[in-house]
Amino acid sequence: MTIEIARPGDADADAPERSLPPGLPVLPLKETVIFPDTLAPLAIGQERSIKLINDVLGGERLLAMVPSRDPEIEQPGPDDLYEYGVAGTVARMMKVPDGTLRILVQGGQRVRIADFVATEPYLVARIEDAPDVIEPSPELDAIARNLQVTFTQIIEQVPYLPEELTVAVANLQDPVELGWMIAGALRIPAEEKQELLEELGVAKRLRRLLEILTRESELISLGTRIQSQIQSEMDQAQREYFLRQQLKAIQEELGETDEQAAETNELRERIEAAELPEEVRKAADRELQRFERLPPQAAEHGVIRTYLEWIVDLPWSQSTPDHIDLKKARRQLDKDHYDIDRVKDRILEFLAVRKLKPDARSSILCFSGPPGVGKTSLGHSIADAMGRKFERISVGGVRDESEIRGHRRTYVGALPGVIVRSLRDAGANNPVLMIDEIDKMGVGFQGDPASALLEVLDPEQNSTFRDHYMDLPLDLSNVFFICTANQLDPIPGPLLDRMEVIELAGYTVEEKLEIAKRYLVPRQIDRNGLPEGKIQFADEALKTIVDGYTREAGVRNLERQIGSVCRKLARGYAEGAARRRRVIRSRQVREMLGRPRFMDDPKRRTGEPGVATGLAWTPVGGDVLYVEATAYPGEGKLTITGQLGDVMKESAQAALSYLKAHVWQLGGEVDEGWFRAHDVHVHVPAGAVPKDGPSAGITITTALASLVTGVPVRSDTAMTGEITLAGHVLPIGGLKEKALAAQRVGVTRVIAPKLNEPDLEDFPPSLLGDVEFIFVDSIDRVLGEAFEQPKPRGTRSVTRTPVPG
């Protein structure tokens with residue numbers, strides 16, 4: 001590091017005013033103004049400025065210092081500099097390790113740039129002296145004294161001004177030097193300093209300087225007053241708040257806008273652009289006025305801002321136009337879903353009404369069926385067919401009413417409910433909104449969410465739905481609500497009454513094969529990165545997967561198993577196997593998926609007397625269950641096992657009572673004494689699974705009759721139906737699901753109640769072709785059809801369904 005100090009013989013620093021040479025190097029200043037007769041430090045970083053200083057130090061140390069008009073310009077040119085500056089000398093220079101310079105300059109006389117004579121390697125200008133215009137007068141003396149008094153007061157209140165300035169100002173009698181000293185010491189904008197430098201009239205310059213001093217004194221006094229007002233209420237934790245209040249007060253005094261005002265203006269503009277309904281607009285304006293009056297540190301500040309943002313984000317008047325083309329909608333539904341024509345027809349009926357009467361109230365549809373039958377994907381198809389936005393919310397497991405209606409704003413972290421959030425996400429007030437798993441809502445101490453949905457799903461009420469958080473009427477009448485459920489029993493009656501239920505039963509084997517070929521296989525080939533057109537699943541392979549590796553009403557697990565096969569193929573390709581065309585057959589399926597997981601054999605299970613095949617309905621589709629009965633010497637007691645519910649236990653007791661009362665129907669070898677001499681045990685396997693319902697009544701009766709007579713039940717026959725003590729067979733529900741379960745395990749005959757015969761209208765032809773349905777109205781007809789040998793005495797004819805073809 002080297003330091004060069006001006007020598008008296010070199011620069012004559014004590015007498016800066018001298019005759020000016022014809023041209024002087026010009027040093028541009030950024031946000032800095034040098035005044036005559038003042039010392040000032042400068043930092044020099046640009047290469048041309050460093051060369052200028054080095055050249056000046058090698059000569060008379062004389063240069064002109066002129067401020068730049070725009071401090072953002074890196075290298076100002078002649079047009080970027082002010083007209084007036086100061087000629088001065090470099091008193092000291094210090095080089096720092098980073099290559100820049102630190103200099104101390106002594107201001108001399110004020111100068112005016114006449115013109116520039118060079119721009120390289122640095123600016124050189126021809127300058128003219130700009131002397132002061134001074135007219136001694138009592139007014140000038142008075143201004144000078146006021147300057148001394150006001151500046152002395154400022155020195156006492158501002159820490160950045162040293163106390164030594166008080167003595168220096170008091171000893172200065174020349175008003176010109178007094179003005180330059182005060183102007184150089186003040187921290188005021190560079191534009192105001194340049195204004196003072198360019199003013200040639202001394203009286204006018206000092207008057208302007210006095211105005212600036214008076215303003216600064218008022219600001220300082222204002223800050224002191226604010227500090228004294230707040231200091232008594234402030235502790236260490238409130239320090240940041242105090243500083244912000246002080247800044248705000250200063251900005252208000254100066255007429256400057258602050259961050260809070262900008263935030264308020266932004267919200268006001270968004271409210272103006274939102275096209276809010278009248279009542280909503282009044283509420284928004286009221287909350288905005290509260291927001292303006294609150295300081296940013298207030299607890300409610302963030303709460304009100306969040307509330308206003310929710311108001312402006314909701315689509316109060318934004319909607320998507322409906323583009324309803326029934327032919328296109330039919331093509332879309334056929335493309336996305338196989339079969340389910342009755343469901344498609346109902347959807348097309350709704351769209352037709354909507355096309356003819358756009359302002360008609362929207363129906364509330366509820367798709368009910370087992371998992372994997374396409375309930376959720378139907379909602380997507382409807383939205384695509386109508387050209388509307390689609391949003392899905394899941395209410396499975398919801399136990400809090402506030403999840404639907406939102407939390408009141410009095411709670412910390414309150415938010416609107418899922419209905420309002422879905423509308424915000426959709427960006428339109430008429431989306432297709434799917435409420436998934438509506439049958440799995442619960443009731444907790446926080447309220448009943450199903451009751452909260454009553455208003456949402458009622459076309460007569462939902463035009464003025466009020467969310468607890470928003471507390472404003474929200475029109476939901478344009479929303480197309482679709483609900484999904486696996487079973488209808490858990491849904492409260494009043495809620496179910498508001499919906500039009502469309503049931504989707506499980507798929508037959510043929511339907512699953514067709515769905516797999518059209519949708520599942522192409523999708524899994526694409527998802528697993530397999531080459532298009534190189535992989536093909538034979539029908540036998542798909543049937544092997546359906547029969548041996550899945551046991552479901554839908555096709556979700558079927559797609560999962562197909563995906564497993566595709567992943568194994570993808571691994572082979574990734575390891576370098578040749579990408580030849582491959583046809584997947586049953587043998588490859590067994591090699592990739594292992595041994596089959598489901599191998600039900602009704603013939604093996606029902607080969608002994610006392611076993612009958614029954615059919616059951618579950619939330620995930622139909623299922624096959626076996627009822628086993630055995631007897632041993634005892635006192636006529638009945639034991640029931642298999643984790644059965646009360647209704648099923650009562651069915652078993654009714655079956656035993658019927659057989660005791662009608663023992664004559666079982667044949668001549670059985671008498672009433674058999675029941676008194678034996679204890680009977682009825683068991684339904686899969687004991688870990690709870691079972692209940694009356695539809696196993698005829699199955700239990702048949703199993704007991706088989707046990708007593710010693711005649712096995714036909715292995716190709718399954719049955720379902722409720723019995724009475726009088727021997728009547730009553731109708732049951734879910735016959736289609738139960739028949740599909742029978743088809744899956746190879747059962748070809750189903751005995752069902754006579755009153756369920758109209759259900760056949762909804763059965764697909766493939767199911768009617770694979771399964772023979774026998775409808776009965778009494779238990780003696782059941783027994784006549786169930787046994788391997790000719791029916792016992794006392795039975796009569798039955799009604800059979802015709803088999804197609």
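Pro-121 sits in the loop that links β6 (101-118) to β7 (124-129), and in this predicted model the peptide bond leading from Glu-120 into Pro-121 is cis, with omega near 0 degrees.

Two further loops hold a glutamate with a positive phi. Glu-31, which belongs to the loop between β2 (24-29) and β3 (39-44), has a phi near 55 degrees, a positive value in a residue other than glycine. Glu-275, placed in the loop between α9 (259-273) and α10 (278-293), has a positive phi of about 55 degrees although it is not a glycine. Glu-31 has a relative accessibility of 61% and counts as exposed because the cut-off for that class is over 50%; Glu-275, with 57% relative accessibility, likewise counts as exposed.

Two other loop residues, Pro-371 and Arg-388, can be described by their surroundings. Pro-371 is found in the loop between β8 (365-368) and α14 (375-386), where its relative accessible area of 25% makes it partly exposed. Although Pro-371 and Glu-552 are 181 residues apart along the chain, their C-alpha atoms are separated by 8.4 Å. When residues up to four places away in sequence are not counted, Pro-371 touches Asn-486, Gly-554, Arg-556, Pro-619 and Val-620.

Arg-388 lies in the loop that runs between α14 and β9 (390-394). With a relative accessible area of 7%, Arg-388 is classed as buried because that class takes in values under 20%. The side chain of Arg-388 reaches the backbone oxygen of Asn-430 at 3.2 Å, and Asn-430 is also listed among the residues in contact with Arg-388 once neighbours within four places in sequence are left aside. The other contacts of Arg-388 counted in this way are Thr-320, Asp-322, Arg-354, Ala-383, Pro-431, Val-432, Asn-478, Val-479 and Phe-480.

The four loop residues with a computed accessibility are set out below.

| Residue | Loop | Relative accessibility | Class |
|---|---|---|---|
| Glu-31 | β2 to β3 | 61% | exposed |
| Glu-275 | α9 to α10 | 57% | exposed |
| Pro-371 | β8 to α14 | 25% | partly exposed |
| Arg-388 | α14 to β9 | 7% | buried |

Helix packing is the remaining topic, and two packed helices are described by the angle between their axes and the distance between the axes. Helix α4 (residues 164-171) and helix α5 (residues 175-185) cross at roughly 160 degrees, with axes that come within 10 Å. Since angles over 145 degrees count as roughly antiparallel, α4 and α5 are therefore roughly antiparallel to each other. Their crossing is left-handed, and the contact is formed by Leu-165, Ala-168 and Val-169 from α4 together with Leu-178, Met-181 and Ala-185 from α5. Sorted by class, this contact of α4 with α5 has six nonpolar residues, no polar and no charged ones.

Helix α20 (residues 539-549) packs against helix α21 (residues 556-574) at an angle of about 120 degrees, their axes being 10 Å apart, and this angle makes α20 oblique to α21. The crossing in which α20 passes α21 is right-handed. On the α20 side the contact is made by Leu-542, Ile-545, Val-546 and Tyr-549, while α21 contributes Asn-557, Leu-558, Gln-561 and Ile-562. The residues of this contact of α20 with α21 divide into six nonpolar and two polar, with no charged residue.

Definitions and conventions:
Residues numbered from 1 in each chain as written. Predicted model: local features only at pLDDT ≥ 70, side-chain atom pairs only at ≥ 80, totals over all residues. Heavy atoms only, no water. Axes fitted to C-alpha atoms, helices over the stretch in contact; angles between N-to-C directions. Helix = DSSP H or I, 4+ residues; strand = E, 2+ residues; numbered from the N terminus. Parallel < 35°, antiparallel > 145°, perpendicular 65-115°, else oblique. Left-handed = near helix turned anticlockwise from the far one by under 90°. Contact = heavy atoms within 4.5 Å. Nonpolar A, V, L, I, M, F, W, Y, C, P; charged D, E, K, R; others polar. Buried < 20%, exposed > 50% of the residue type's maximum accessible area, 1.4 Å probe, protein only. Polar contact = N/O pair within 3.5 Å; in protein donor to acceptor, adjacent residues only side chain to side chain.
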